[in-house]
Structures are given as structure tokens and as C-alpha cells.
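Hi,

Here is the structure I promised to pass on. Have a look at it first, and my notes follow underneath.

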Amino acid sequence: MKRLYKVAELPFIMCGIVGYVGAGTAAPILVRGLKRLEYRGYDSAGVATIAENVLLVEKDAGKVDELNAKLSLDRMPGNIGIAHTRWATHGAPSKVNAHPHTDCTRTVAVVHNGVLENFLQLRKELIDLNHNIVSKTDTEVVPHLIEDFMKRGMGFEEAFVNTVRRLEGSYALAAICLREPDLIMVARKEAPLIIGVGDGFNMIASDMTALIEMTNQMVFLHDGDAAAVRANGYKVFRVADGQIVERPVKTVALTVEMAEKQGHPHFMLKEIFEQPNSLRDALRTQREYVDLLAELLDKGRVVFLLGAGTSYNACLAGSYLFSAVARIPSYPVIASEFVANYGGAVGADTVILAVSQSGETADVLNALDFARMRACTILGLTNTVGSTLTRVSRAYVLQNSGPEIGVAATKTFTSQVLVLAQIALRLSRLRGKISQFEMDEFGHELSKIPKLVEEVLLTAPAKVKELAETLVNSPFLLILGRGMSVSTAYEGRLKVMELSYIPCIAYPSGESKHGPISVIEEKIPVIFVAPPDEFRKQNISSIMEMKARGAKIIVFGDKEDEELRSLADHYIGLPKTHPLLSPIIYTVPFQLLAYYLAVLKGYDPDKPRNLAKSVTVL
Ligand code: F6R
């Protein structure tokens with residue numbers, strides 16, 4: 001199937017927004033749009049319309065149908081409106097945190113998808129100017145900024161553009177204003193935004209699914225674009241200099257189901273391809289919370305990194321990072337083993353950083369219940385605001401990955417590792433154990449990660465698919481790595497095994513001579529995770545050992561390492577990164593391999609058998 005986007009412009013959606021201006025009544029169309037956006041799983045929703053010179057706003061926590069029954073959203077009057085379904089990133093799901101947000105005078109309403117990095121600074125400025133900010137969200141600064149510019153004499157359009165120029169971070173924004181009751185202003189940066197062109201109406205949305213029922217004529221805005229959208233037309237211009245730009249109207253021939261997956265056949269593939277952007281949002285993790293976590297970790301005499309499944313594999317990577325970057329020893333521990341293995345030895349001087357995408361995994365919460373009774377300090381890293389983990393943690397950080405629908409964790413793993421790397425760097429700065437040069441270099445490499453993953457997604461899929469074709473009938477797979485790559489090998493094993501149902505084992509390659517090598521016979525596939533790090537020589541020795549026993553050698557290695565390439569039957573060349581960040585780059589081909597193996601075997605990669613997205617039983 002033809003994909004709709006190039007990797008570099010892949011849309012990444014956390015919340016959903018939709019807007020309508022035209023001859024019809026906006027609200028029922030908006031509510032149907034919200035329903036279409038709900039497939040991603042949302043926690044709150046709201047609608048704003050303008051009717052008879054009044055700005056009407058209805059919103060609350062809950063699902064669209066529940067809210068519609070309670071608030072009669074679809075009966076709100078008016079020919080213009082904007083609406084939002086929320087996946088919380090700042091502030092728990094609640095009425096006050098739900099969008100649309102308004103200004104002090106209730107003249108402007110705004111919906112937003114994305115993460116604003118400088119909202120704390122903007123919020124402070126606005127509070128100093130006596131604005132009444134009521135929510136915990138990053139978005140609420142936007143209507144107040146627009147209000148402020150309008151107070152200084154600007155019209156709505158000019159005030160909106162000036163506001164957008166002050167924002168740092170990612171956004172798809174839509175705003176309406178009482179002063180111009182036939183105009184929706186929108187802008188985008190690193191979050192998708194589409195204009196749906198209709199006959200006698202126009203719409204805007206973050207996702208084609210919200211438009212497809214009304215029109216298949218769509219204009220895909222680019223980063224840095226803004227648009228003024230009215231019932232009878234629209235203009236697109238650049239935020240930076242106001243210059244009008246032409247964006248073609250495309251005819252989209254997709255069913256709703258295809259649109260939900262953005263042209264990909266499965267959610268898992270869509271989520272794999274979202275990683276450059278989800279990683280960008282992981283880099284936007286709020287600095288003050290990362291600092292707080294680092295301070296609390298630094299106070300512990302004993303540090304545990306605790307998780308289950310993929311999140312445990314991220315903990316393993318985290319423990320290497322904490323040691324190498326921050327010089328802090330930590331124990332990575334599988335949540336269900338924590339009490340039996342360490343329960344007798346923890347107390348008030350123990351700090352536990354629990355990593356859980358859902359924040360609801362029973363094994364994790366059970367371990368934390370035990371630890372709380374022993375007065376341990378609990379910290380959290382999660383993707384889910386308002387989850388139990390956020391409630392039981394003394395402090396937590398959010399990984400900002402957006403909803404993950406595929407049962408197998410993909411983008412949430414790479415983001416967990418990236419956030420753990422940021423925590424390690426903050427810890428290192430606190431403790432001053434490595435040189436300023438090393439810290440700066442590591443920070444620089446961190447910022448390059450999204451681009452490198454983009455490169456992997458442009459270059460690797462076809463080769464990994466070919467590899468999958470050669471492995472599809474393998475009875476078994478061995479995956480080996482050394483140092484940091486042990487976590488990659490473990491995560492690769494989990495992905496391949498849970499999706500293709502091919503039994504896999506993964507080992508630190510130094511251990512293979514202590515047992516696993518006995519399974520090797522002619523043509524048994526062995527995947528080596530071999531980034532260009534200090535273990536290159538040992539990796540080559542391990543490869544030779546396996547080669548001598550007839551194994552089929554598959555290497556995930558540096559794209560420029562010709563010697564390593566020459567030793568392999570299959571070689572997947574990957575871009576260079578800091579060795580400690582290699583799990584983020586080197587896990588991506590495993591995700592793809594697992595995906596292609598599942599598809600080749602006729603299994604559903606989105607719903608592997610016997611597994612659930614959130615395991616809430618012990
Ligand atoms: C594997 C996978 C699971 C989860 C595990 C923990 O692809 O998704 O192994 O990683 O169930 O879930 P969270 O991170 O929600 O605690």
C-alpha cells in the first residue's frame with residue numbers, strides 16, 4: 001500500500017483537534033470528528049463554538065459519548081467551532097485541564113496538540129501581567145497571549161501570529177475569537193495539521209479521520225505554516241515572515257480505518273515510523289522534573305530501576321547509563337522479582353525509579369506498595385498522566401510518547417531510554433564525576449538521536465524485510481550483545497518472540513561460551529548487536545566462534561564497518577551514535593524484523609496472542 005508521508009514529515013499525534021466553519025451547525029460535525037479521533041484512546045474532550053456573539057465552551061474529563069450525553073455537546077449552536085480530545089501531557093485529566101482553553105475575557109478559545117517547552121516562562125510573564133491562569137496545562141498560555149496582543153491593539157489574526165512566534169516546542173493550534181466570528185486561525189510545528197476543503201464550509205484537523213466523512217479534499221500544512229480559514233476560503237502563510245505560500249489540495253482516497261493508521265497497514269508500523277517525532281518530544285521532557293528526579297536519585301544509598309517487559313529492558317539500559325554517565329551504581333530489577341530478591345534489604349535510604357509506559361502494570365504497583373511500606377523513595381517514568389504510578393511517586397517525569405495502540409511497545413521503549421539518558425546526564429552534572437567536555441558531547445549526541453532514527457527508517461526497512469524473509473522458517477533465534485547492547489539484545493528478543501512466536505534467546509555475548517553456544521549447529525541464525533564501541537574486537541571473536549560452528553551470522557553494525565560486514569551473511573548497516581545511546585538506534589531494526597516476521601507468518605502484529613497492552617493482574 002502506498003504510504004502517505006515521507007518519514008521526515010510523518011505526523012505524530014498526541015491529542016486530536018478538529019474545527020469547522022461554514023453554513024451548517026458546527027457542533028454535530030465536531031462531535032462526529034471527535035468520535036473519529038477517539039480510536040487513539042483519550043481522557044477528556046471539549047468543544048467551543050460562537051453563537052449570537054457569545055463564546056460557548058463545554059468540556060470535561062471522560063469519553064466523548066459520555067460527555068455528549070452529559071453536556072449535549074452536539075446541540076451547541078453556532079456555525080463555527082473547534083474541538084479537542086486530550087491525551088494528557090501536562091496536568092491530570094480534569095475539567096479545568098481539558099481543552100478548549102480561554103483567555104481572561106472569554107473572547108478567545110484555543111485547542112492544541114503538542115508540547116510547549118517554554119510555557120512555564122510564558123505563564124510567569126502572564127501572571128505578572130495579572131492574567132488569571134486556571135489550569136495546569138501548557139496550552140492555556142496561548143489564549144492569554146492572544147488576549148494580551150489584542151489588548152495592545154492588534155486584530156485577531158495578527159495577535160495569533162505574534163503569539164505563535166513566542167512559542168517553543170511542538171504544536172498544532174486552532175483558535176477562534178468573538179471579534180471575528182467567521183475565522184479559525186491555525187498554525188503547526190512538528191505536529192500534523194490538515195485543512196479539509198469543502199463546498200460552503202472548511203474544516204481543520206490534526207488527523208484525516210476527523211475530516212474524511214465531510215471531505216476528501218485536503219491541504220497538508222507544513223512546519224512553520226499558519227492559516228486563516230473561513231467558510232468560503234483559506235489562506236496559508238509562513239509564521240516567520242507572513243509570506244503567503246501555496247499548498248496543493250490533495251484528494252485522499254482512504255477508508256477511515258486506513259486513515260487511522262495513516263496509510264500504514266498496522267498501528268505497530270505507524271508507531272515505529274513515528275519515532276523521530278516521539279523522540280523529539282521525549283527530548284522536551286520538562287527540565288525541572290528531570291532535575292528533581294536527579295536530585296532525589298542522588299540522595300539514595302541504593303538505587304533500583306524497576307520495570308516489566310520492555311520497560312525492564314529500558315531499566316537495564318538505564319543502569320548502564322547511570323553508571324557510565326553519572327557514576328551511580330543501580331540495580332535494574334524485574335518488577336515481579338523485586339520483593340523476593342531485594343525486599344529484605346530495602347529501607348528509607350533506597351530510591352526506586354519505576355519505569356512503566358502505562359503506569360498501571362500490577363507487578364510494578366505491587367512492588368511499589370511493598371517499597372512504600374518500607375519508606376523507600378518512589379520515582380516514576382511513565383507515558384500516562386494521571387496513572388497510578390504518577391499518584392504513588394514522590395516525583396515523576398513523562399516521556400511524551402503519545403498513545404501507543406500496538407500491543408508491543410516500540411516508540412515508548414526508545415523514548416524511555418532517551419529520558420533515562422537525560423536523567424543520567426542531569427545526575428552527572430549534579431555530581432560532577434565526568435568532564436564538562438564529556439557531558440557536553442553526550443548532550444549533543446542526545447539531541448541528534450531523532451535525526452539518526454529518521455535515517456534508520458529511511459534506509460533499513462527494505463533490508464530488514466529481506467532478512468525477515470530468510471528467517472521466517474527458523475525454528476529458533478539467538479541474539480547476542482555486549483555492554484550496552486545487552487539491553488538491545490533483550491529488547492530485540494522480546495519483540496521478535498512476542499510477535500513472530502519464534503523462540504528466541506538473548507545473552508551477553510561473553511556468556512555464550514558458558515552455555516548457549518551448545519545450541520549452535522549448521523545454519524542456526526545468530527544476530528549480533530555490534531555497534532562501534534569498545535567491544536568491537538570481542539564481538540569479532542564471538543562472531544568467529546559462531547561462524548566456526550556453522551551458524552548463520554547476522555550483524556547489526558556500523559554502516560561503514562566493512563570488516564564486520566565481510567564476516568556476516570546478512571548485515572544491517574546503521575548510523576553512528578554515542579555508544580551509550582546505541583539501544584535507541586539498534587532496537588529499531590529489531591522492531592521492524594519482528595513486524596515483518598509477524599506479517600510474513602500471517603499473524604496480527606498489533607495484537608499478539610495471549611498479550612494485553614496493560615497487564616493489570618499479578
Ligand atoms: C512488550 C510490552 C510489555 C510491556 C510490559 C510493561 O512489547 O509491551 O512487555 O512492556 O507489560 O508495561 P508497562 O511499561 O506499561 O509497565
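Before the ligand site, a word on how residues are sorted: Ala, Val, Leu, Ile, Met, Phe, Trp, Tyr, Cys and Pro count as nonpolar, Asp, Glu, Lys and Arg as charged, and the others, Gly among them, as polar. On that basis, the shell around the ligand splits into 5 nonpolar, 7 polar and 2 charged residues. Keep in mind that this is a predicted model.

Let me stay with the ligand. There are 14 residues around it, and the ones that come nearest are Ser-311, Ser-356, Ser-358, Thr-361 and Glu-498. Two of these have side chains worth bringing up in your viewer. In Ser-311, an N or O atom of the side chain is 2.5 Å from an oxygen atom of the ligand. For Glu-498, a side-chain N or O atom is also 2.5 Å from a ligand oxygen. With Gln-357 the backbone is involved: one of its backbone N or O atoms lies 2.7 Å from an oxygen atom of the ligand. On its own the ligand has 410 Å² of accessible area, and the protein covers 90% of that. Two elements, α10 and α17 (485-500), each give two or more residues to the shell.

Where does the ligand lie with respect to domain 2 and domain 3? It lies between them, because both domain 2 (264-459) and domain 3 (461-618) give residues to the shell.

Helix α10 deserves a closer look. It runs over residues 309-326, 18 in number, and reaches 25 Å from its first C-alpha to its last, close to the expected 26 Å. Of those 18 residues 14 are buried, so α10 is largely enclosed by the rest of the structure. Arg-327 follows α10 and has a positive phi, near 60°.

That brings me to the backbone oddities. Glu-52 has a positive phi too, near 50°, and is not a glycine. You will find Glu-52 in the loop between β2 (44-51) and β3 (54-61). Is Glu-52 buried or exposed? Its relative accessibility is 79%, and exposed means over 50%, so Glu-52 counts as exposed. Lys-523 is another non-glycine residue with a positive phi, about 75°. Lys-523 sits in the loop between β21 (504-508) and β22 (525-530), and with a relative accessible area of 59% Lys-523 is exposed.

There is also a cis peptide bond to check: the one from His-99 to Pro-100, with omega near -5°. Pro-100 is in the loop between β4 (80-86) and β5 (101-102).

Last, two buried residues. Gly-557 is part of strand β23 (residues 552-558), and its relative accessible area is 0%, so Gly-557 is buried. Its C-alpha is 34 Å from that of Met-258, and the two residues are 299 apart along the chain. Pro-605 belongs to the segment after α20 (582-600), and at 0% relative accessibility Pro-605 is buried as well. From Pro-605 to Ser-323 the C-alpha distance is 35 Å, with their positions 282 residues apart in sequence.

Cheers

How values were computed: Residues are numbered from 1 along each chain as its sequence is written. This is a predicted model: local features need pLDDT of at least 70, side-chain atom pairs count only at pLDDT 80 or more; totals for chains, interfaces and linings use all residues. Side-chain values use heavy atoms; hydrogens and water are left out. Helices (H or I, at least four residues) and strands (E, at least two) are DSSP runs, numbered from the N terminus. Buried means under 20% relative accessible area, exposed over 50%, partly exposed in between (1.4 Å probe, protein chains only). The expected span of a helix is 1.5 Å times one less than its number of residues. A residue is near a molecule or strand if one of its heavy atoms lies within 4 Å of it. A polar contact is a pair of N or O atoms within 3.5 Å; within protein, one must be able to donate a hydrogen and the other to accept it, and residues adjacent in sequence count only if both atoms are side-chain atoms. Accessible areas come from the Shrake-Rupley method with a 1.4 Å probe; for residues, only the protein chains shown count as cover. Domain bounds come from an automatic or database domain assignment.
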